[in-house]
Amino acid sequence: MEVAQPSPEELEGLKMENAGFISHEGRTYSTEENKVWEILCRRRMEKLPETACDAWLEGLEKLQMPMDRIPLFDELNERLKPLTGWTVRAVDGFIPAEMFFGSMAKREFPSTLEVRPMDSLEYLQEPDIFHDVFGHVPMHTNPVFADFVQEYGQLASELEDPDKFDALGRLWWYTVEFGLVDEGDEVKLYGSGHMSSFGEADNVFVGGPEIRPFDLDEVISTPFRIDIYQPVLWVAQGFEQLRESVAELRRRWAEELDES
Ligand SMILES: [Fe+2]
């Protein structure tokens, strides 16, 4: 799932708490849709056992993520909720930032139910269920990462300043979507943007992007584009560092309020 930046008019119009959320009940998939999932899993799993971080790989196991068909939300939630209290909740495409953050604060991960079409396996600008569920959800089985995302959502839910939303949008982008983590002196992937893509993930390991140690100030001040391979990526020393970055922003912004 990705954050759609709301206009003031959109924010005004968002008083219906459950707008955008839909029921996953009764959603089943065609043979072709399941085949798309199977092909995507097979192709990504040629590389991910070597390039993904342990937390994500362990998450796949803990969720018993099916590789030959699209998982149903009930079965995912049955396994995910006892681990970290997170659940997956179906949404109808992009949801506005206010709802997105509120959902995170409640440990509900918003995911589309739709899978990309067979003729667009390589690239899809809008997140599909492969991006949301295969890419994101395994990380939510990791207790530290799970807390990080919830605390991120909580902080974002309390904000009104558009500049601070921008900062948090960048933090999300360069961690949850395209973050790298140092694991035994090796750089590993944990972001769903990498898990659910082909070329961009490979590009990380052939000297494509500049790779820097995680630096909160650099991350929140670096704009991103969604239509190119990311030219700079940041490597966290572990997921505690991400939690600490949210705590640091909370402290800074609270101090700003005290001073004003
Ligand atoms: Fe995403």
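**Exercise 1. Identify the bridge partner of P213 in strand 6.**

Solution. In strand 6, P213 has V235 as its bridge partner. The structure under study is a predicted model. R212 can be placed next: its bridge partner in strand 6 is W234. Strand 5 and strand 6 (residues 232–236) run parallel and are joined by four bridges.

**Exercise 2. Determine the strand order of the open sheet and state which strands stand at its edges.**

Solution. Begin with the pairing of strand 3 (residues 180–183) and strand 6, which is parallel and extends over two bridges. Within this pairing, V181 has A236 as its bridge partner in strand 6. The open sheet contains four strands in the order 4-3-6-5, and its pairing is mixed. Strand 4 (186–189) and strand 5 (210–213) each have a single partner strand and therefore stand at the edges, with one side of each left without a neighbour in the sheet. From one strand to the next, the twist averages 40°.

**Exercise 3. Establish which residues of helix 2 are buried, and how they are arranged about the axis of the helix.**

Solution. First, consider the extent of the helix. Helix 2 (residues 31–44) comprises 14 residues and reaches 20 Å from its first C-alpha to its last, close to the 20 Å expected at 1.5 Å a residue.

Second, list the buried positions, for which the criterion is 20 or more other C-beta atoms within 10 Å of the residue's own. The buried residues in helix 2 are V36, W37, L40, C41 and R44. Viewed down the axis of helix 2, these buried residues fall within an arc of 125°, so they line one face of the helix. An α-helix has 3.6 residues a turn, so residues three or four places apart point the same way.

Third, examine the surroundings. The cover over the buried residues of helix 2 includes helix 3 (48–51), helix 7 (129–136) and helix 10 (192–195). On the other side of helix 2, T31, E32 and R42 are exposed.

**Exercise 4. Assess whether the radius of gyration of the protein agrees with that of a compact globule.**

Solution. For 260 residues, a compact globule would have a radius of gyration near 18 Å; the protein has 18 Å, which agrees. The C-alpha trace spans about 60 × 45 × 35 Å along its principal axes. The protein contains 13 helices and six strands, and buried residues make up 38% of its 260 residues. Finally, of the contacts with a separation of 6 or more, 66% are between residues 24 or more positions apart.

How values were computed. Residues are numbered from 1 along each chain as its sequence is written. This is a predicted model: local features need pLDDT of at least 70, side-chain atom pairs count only at pLDDT 80 or more; totals for chains, interfaces and linings use all residues. The radius of gyration is taken over C-alpha atoms; the globule rule is 2.2 Å times the number of residues to the power 0.38. A residue is buried if 20 or more other C-beta atoms lie within 10 Å of its own, exposed if 12 or fewer, and partly exposed in between; C-beta atoms are placed from the backbone. Two residues are in contact if their C-beta atoms, placed from the backbone, lie within 7 Å. The expected span of a helix is 1.5 Å times one less than its number of residues. The arc is that of the directions from the helix axis to the C-beta atoms. Two strands pair if DSSP finds at least two bridges between them. Axes are lines fitted to C-alpha atoms, for helices over the stretch in contact, and angles run from 0 to 180 degrees between N-to-C directions.
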